[in-house]
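Me: I would like a close look at a single part of this model, starting from one side chain and its surroundings and then moving outward to the neighbouring elements. Please take it step by step and keep the account connected.

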Amino acid sequence: MLAELVIAHDERAVVRIGDAYVKADVNTARLDREVSALRSVEVPRPEVLWHRRGPVSLLALSEVSGVPLASLGAPSPHREAVWAMAGEVARRVHDEQVPESLAAPSEYRSEDLDRLEDWLLSRRLADPQLISEHVDRARAVRNSATNDCLIHGDFQPAHVLVDEGQIRGVIDWGDAGTGDPLYDLAVLTVGHSEYLEAVVGGYGGSVDRDRINGYWSWRRLGSIRWMIEHGFDATDDIEGLTVLGS
């Protein structure tokens, strides 16, 4: 049986073997969180086949059919309906009781915004004033954020798989923990603001769009550093700062 390398960088690798995916990760806690989330939440998700802890931890997951939500293309009533379903899924996650194993804050909460700003400014990746403005937005939303429900932590469209107009599974739960539910909605829509209203409609209830805007800034800034440090192209995120700032 052939193995297909899906992604690899200095922290983790994902390999497809038949109808299973095997993750290898040097961050044992990250895979522990993923296993806890997958065994706790009642939303479409992969099945945990087996899990081995060690210096390099391993996790085998069942395949989830479908394509990433973001690949559906330009807005249409059909596509907006699927994005609304993603909002519904987010609500179901946020309404879950937090298991003891996931009571710690989600990874994003540990971001040092001062250090992040210094890192970005030192590399002159964008206009310094623009970077500082976005960092100020991130600081403001951090100061007003709640930290009291279970969140996915990396609820980007690439992690929401869709097939035949239905959400078949949410993958990559390694950043799960407690946090502000609006962070998940912001991560989902940061590059797809045209679907924000559909997502909010599916999510239901009152949603503070100013806080989502602040998280958009935070997410873009953090993504720029992560992409560059892991050897990926950060052009889209850098250009996204200008779009958010307009």
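Reply: In this predicted model, the side chain of T178 reaches the backbone oxygen of A103 at 3.3 Å. T178 belongs to strand β10, which covers residues 177-179. Buried means under 20% relative accessible area, and T178, with a relative accessible area of 8%, is therefore buried. Leaving aside residues up to four places away in sequence, T178 touches V98, L102, A103, A104, P105, S106, R109, N147, C149 and I151, and A103, whose backbone oxygen is reached by the side chain of T178, is thus one of a longer list of contacts.

Further along the chain come two helices, α5 (residues 181-189) and α6 (residues 196-203), whose axes come within 10 Å and cross at roughly 145°. The crossing in which α5 passes α6 is right-handed, and the residues that make the contact are P181, L185, L188 and T189 on the side of α5, with L196, V199 and Y203 on the side of α6.

Before β10 in sequence there is a small hairpin to consider. Strand β8 (residues 160-163) pairs with β9 in the antiparallel sense over four bridges; D163 stands opposite Q166 in β9, while L161 has G169 as its bridge partner in that strand. Two residues lie between the strands of this hairpin, and E164 takes a positive phi near 55° there. These two strands belong to an open, antiparallel sheet of three strands in the order β6-β8-β9. Because β6 (67-68) and β9 (166-170) stand at the edges with a single partner strand each, one side of each is left without a neighbour in the sheet.

Helix α3 (residues 113-122) can be read from its start to its end. At its start, a side-chain oxygen of D112 reaches to within 3.1 Å of the backbone nitrogen of D114. The buried residues of α3 are L113, L116, E117, W119 and L120; seen down the helix axis, these buried residues fall within an arc of 160°, so they line one face of the helix. An α-helix has 3.6 residues a turn, so residues three or four places apart point the same way. The face of α3 turned away from the buried side carries the exposed residues R115, D118 and S122, whereas the cover over its buried residues includes α4 (128-144) and α7 (209-229). Just after α3, R124 takes a positive phi of about 50°.

The remaining part to describe is the other sheet, which is open and antiparallel, with five strands in the order β1-β2-β3-β5-β4. Here β1 (3-8) and β4 (48-52) stand at the edges, and because each has a single partner strand, one side of each is left without a neighbour in the sheet. On average, neighbouring strands of this sheet are turned by 15° against each other, direction ignored. Within it, strand β3 (residues 20-25) and strand β5 (residues 57-62) pair in the antiparallel sense over six bridges, and K23 stands opposite L59 in β5. Helix α1 (residues 28-38) packs on this sheet, where it touches β2 (12-17), β3, β4 and β5, and its direction makes about 30° with that of β5.

Conventions
Residues numbered from 1 in each chain as written. Predicted model: local features only at pLDDT ≥ 70, side-chain atom pairs only at ≥ 80, totals over all residues. Heavy atoms only, no water. Pairing = 2+ DSSP bridges. Axes fitted to C-alpha atoms, helices over the stretch in contact; angles between N-to-C directions. Contact = heavy atoms within 4.5 Å. Buried < 20%, exposed > 50% of the residue type's maximum accessible area, 1.4 Å probe, protein only. Arc of directions from axis to C-beta. Polar contact = N/O pair within 3.5 Å; in protein donor to acceptor, adjacent residues only side chain to side chain. Left-handed = near helix turned anticlockwise from the far one by under 90°.
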